[in-house]
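Visitor: I should like to take a close look at a single part of this structure. Please guide me through the contact between the two chains, and then set that contact in its surroundings.

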Amino acid sequence: MLEDGNLVFAASIILMTAATYFTRAGGLFIISKITPTPRIRAFLNHVPASILVAIIVPNLAEKGPAEFISAAITAAAAVFTRNLILSLLTGLICISILRAFIF
Amino acid sequence: MKTSTNNSPGTRVIFSGKGIAEGFLKCIPLGIGVFAYGIVFGVLAVQAGMSPLQAQIMSLTVFAGASQLMALELWDDHLPVLALTATVFAVNLRHLLMGAAMRDWLVGLTPGKTYFSLFFLTDESWALSVREMASGRKDAGFFLGSGLCIYIFWNSATGLGATMSSLVDRYFRDPSVLGLDFAFTAVFLSLLIFFWKGKSQLPVWLIAGIVAWLVFLVIPGKWYIILGGLAGGIVGALRNA
């Protein structure tokens, strides 16, 4: 019984690993096989920022004022410092203070 | 055709140890955020019925935070192998688009370096790397280094959470303590700001955000990321071509 369980576990792990690796490697594999037209280039150039927007918007939309204000201050810190660590720290300090004392 | 391995104009892309080290170091703040979620995964995995060893094996091989947490929802005495695989696949589909966007760095390398590095692709290391790529860095080692950083933090946290699950559970199970749940939003938002080049990007970002939000409201899972990213890319392609 235990051996059966281990076998099923191993099969699950192998299939899940194959699934995640396929998604990681597949996009580049496809794009490396084609010669990009200017339109495909423009598409790829706009994908990174679009993905970032797509990650941020729904995550913020379901949050409250503490997160909105912290996000605004983080963005301002990023504009002025152009430094990832500084803006991240600003955001964390901001959210901690707002959650602890205000919201 | 022979000389077309390097498609971007300018300097050739290299893959150096220095680049790997820089990617690793720059990714440490993100690694700390990942660490918090790795602990949560380790704790929950043991509670879902995995042994600490099994949880560790999963983090070493599958190596996908959101997918692994979703897999726990399906974890059972009789493992639904196909449902697990399909879930993990659907949750990770966004990485197809992220991998394709690494084209300028990865297409010119040897397949070994390219496809080894891609094993370590995560949202966090990708976001950091794609920003470095856009700002003109020509060392693709950065991508592997940042991925390795996330790998080490995720796996050590899984081990810690799983082996000390009852102890850890008592003191730390919620990343919102210390504001760590906000860390990723702060990082992605800052990287997005660094992508800002001018008002011409606004329509692209607006459409990406609207589509992502609508999809998020309607379709469960991570589809909002890939569909929002696709929508923005398509708008950009139509406007620039």
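Guide: What follows treats the contact between the chains, with one helix of chain B at its centre, and then the surroundings of that contact.

The model is a predicted one, and a word on confidence should come before the details. Its scores are ipTM 0.89 and pTM 0.88. For chain B the mean pLDDT is 90, with 94% of the residues at 70 or more. An exception is found at residues 1-8 of chain B, where pLDDT stays under 50. For that stretch the model has six contacts beyond four places in sequence. Where pLDDT is low, the predicted coordinates should not be read in detail.

We may now turn to the interface. On one side, 72 residues of chain B take part, and they are in contact with 59 residues of chain A. Helix H12(B) gives the largest share of the chain B side, namely 13 residues. Sorted by class, the side of chain B that touches chain A holds 52 nonpolar residues, 19 polar residues and one charged residue.

H12(B) covers residues 180-195 of chain B, and one of its partners in chain A is helix H3(A), residues 65-81. The axes of these two helices are 9 Å apart and pack at an angle of about 40°. An angle of this value makes H3(A) oblique to H12(B), because it falls neither under 35 degrees nor in the range from 65 to 115. The crossing of H3(A) with H12(B) is right-handed. On the H3(A) side, the residues in the contact are A:Glu67, A:Ser70, A:Ala71, A:Thr74, A:Ala75, A:Ala78 and A:Val79. They meet B:Phe182, B:Thr185, B:Ala186, B:Leu189, B:Ser190, B:Ile193 and B:Phe194 of H12(B). Nine residues of this contact are nonpolar, four are polar and one is charged.

Helix H4(A), residues 84-101 of chain A, also packs against H12(B). Here the axes come within 9 Å and cross at roughly 140°. H4(A) and H12(B) are therefore oblique to each other as well, and their crossing is right-handed. From H4(A), the contact takes A:Leu84, A:Ser87, A:Leu88, A:Gly91, A:Leu92 and A:Ile95. From H12(B), it takes B:Phe182, B:Ala183, B:Ala186, B:Val187, B:Ser190 and B:Leu191. By class, nine of the residues in the contact of H4(A) with H12(B) are nonpolar and three are polar, with no charged residues. B:Phe182, B:Ala186 and B:Ser190 are listed both in the contact with H3(A) and in the contact with H4(A).

The domains give these helices a wider setting. Chain A is divided into domain 1, residues 1-34, and domain 2, residues 37-103. The centres of these two domains, taken over C-alpha atoms, are separated by 32 Å. Chain B is likewise divided, into domain 1 with residues 17-195 and domain 2 with residues 197-241. In chain B, the C-alpha centres of the two domains lie 23 Å apart. Six residues from domain 1 of chain B and six from domain 2 of chain B make the contact between them. Helices H5 (81-92) and H6 (94-101) of chain B each supply at least two residues on the domain 1 side. That side has five nonpolar residues, one charged residue and no polar ones.

Finally, a pair of helices within chain B may be set beside the pairs described above. Helix H1(B), residues 17-26, and helix H10(B), residues 141-163, have axes that come within 6 Å and cross at roughly 40°. H1(B) and H10(B) are therefore oblique to each other, and the crossing is right-handed. Among the residues that meet are B:Ile20 and B:Phe24 in H1(B), and B:Phe142 and B:Leu148 in H10(B). This contact of H1(B) with H10(B) has eight nonpolar, six polar and two charged residues.

Definitions and conventions. Residues are numbered from 1 along each chain as its sequence is written. Chains are lettered from A and ligands numbered from 1 in the order in which they are written. This is a predicted model: local features need pLDDT of at least 70, side-chain atom pairs count only at pLDDT 80 or more; totals for chains, interfaces and linings use all residues. pLDDT is the predictor's confidence in each residue, from 0 to 100. Two residues are in contact if their C-beta atoms, placed from the backbone, lie within 7 Å. Domain bounds come from an automatic or database domain assignment. Axes are lines fitted to C-alpha atoms, for helices over the stretch in contact, and angles run from 0 to 180 degrees between N-to-C directions. Helices (H or I, at least four residues) and strands (E, at least two) are DSSP runs, numbered from the N terminus. Angles under 35 degrees count as roughly parallel, over 145 as roughly antiparallel, 65 to 115 as roughly perpendicular and the rest as oblique. A crossing is left-handed if the near helix is turned anticlockwise from the far one by less than a right angle, and right-handed if clockwise. Ala, Val, Leu, Ile, Met, Phe, Trp, Tyr, Cys and Pro count as nonpolar, Asp, Glu, Lys and Arg as charged, and the others, Gly among them, as polar.
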